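Colleague: Please show me the model, and let us then discuss it in turn.

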Amino acid sequence: EYKAWLQRTVGSLDLKPGVLAPSFVSDGPLLTTNYDLLLEDLTGRQSLTWTDGDKIEEFHSSPGAFVFHLHGHYKSPASVIFGGIDYGRLQSAKESVRLLEPLSHSYTYLLAGFGAGLDDPNFTSFLSWFRDNFENWTKRVYLAVRDCDIPSPALQGKLAYLSYGEKYEELAPFLTHLFPDRQVAETSGAR
C-alpha cells in the first residue's frame, strides 16, 4: 500500500506546460529533497539515492549525469525519508551523510525553496561542518526562501538568505532572473 500511495501522490506530479529548458541546470551537481522525478524529466539525468551506495562514487566523478535525491524518491520506497526512524537509517549510511562535503570546495550551494528544511539532521551536521571548514573563507551557503521565511538578519554566519517573493509560484521567475541565460520549468504543486 505504501508504494501505491507514493505512486498516486508524488508519482502523479507533472511538469506544467511552458518553457522546459534543461539548459537551466548546468553540468554541476543537482541535489534535491523532493521525492518526485521531475528534475530527471527536465534534464534527462539518472536518479540516485542514498541507498545506491555503490554509485555514489560515480556521482562525485560525473555529477552532471545524476539527480541525487537526498531523501529518496517514490520509485524506491525503501529510500524515502519521512522522519524519526528514517533519519536514523539515513545517518547510518555514511556515504550519503558525507556527500555534500567534497562538493563544497568546487561548487556554491543555492538551496531553493527550503524554509524550515534546515532543521533536517543531514543539513544541520553539514552546515556545522561547513562553518568549521570555511570559517575564514568568504564562501557561503545561499537559501532562496519566501519573504516570510527570511530571518533577521538575512546574513547569519555562513548562511545568506535570499527572498524570492511571497508565494511559492515566484521561485521559478526568481531563478530565471538569477540565471538570465537559462529558463526555468515550473512544477505542479508547491513543495
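Colleague: In which loop is Ser-104 found, and is Ser-104 buried or exposed?

Modeller: This is a predicted model, in which local features need pLDDT (the predictor's confidence in each residue, from 0 to 100) of at least 70, side-chain atom pairs count only at pLDDT 80 or more, and totals for chains, interfaces and linings use all residues. Residues are numbered from 1 along each chain as its sequence is written, and side-chain values use heavy atoms, with hydrogens and water left out. Ser-104 lies in the loop between α6 (100-103) and β4 (109-112), helices being DSSP runs of H or I of at least four residues and strands runs of E of at least two, numbered from the N terminus. Because its relative accessibility is 0%, where under 20% is buried, over 50% exposed and in between partly exposed (1.4 Å probe, protein chains only), Ser-104 is buried.

Colleague: Which residues have the most contacts inside the largest nonpolar core, and which element gives the largest share of this core?

Modeller: A nonpolar core is a set of buried Ala, Val, Leu, Ile, Met, Phe, Trp, Tyr and Cys residues joined through side-chain atoms within 4.5 Å. The largest has 22 residues, and those with the most contacts inside it are Phe-59, Phe-68, Phe-126, Val-141 and Leu-143. The largest share, 5 residues, comes from α7.

Colleague: Where is confidence lowest, and where is it highest?

Modeller: The chain averages a pLDDT of 80, and 83% of the residues score at least 70. Confidence is lowest in helix α5 (residues 94-97), at a mean of 67, and highest, at 93, in strand β2 (residues 46-49).
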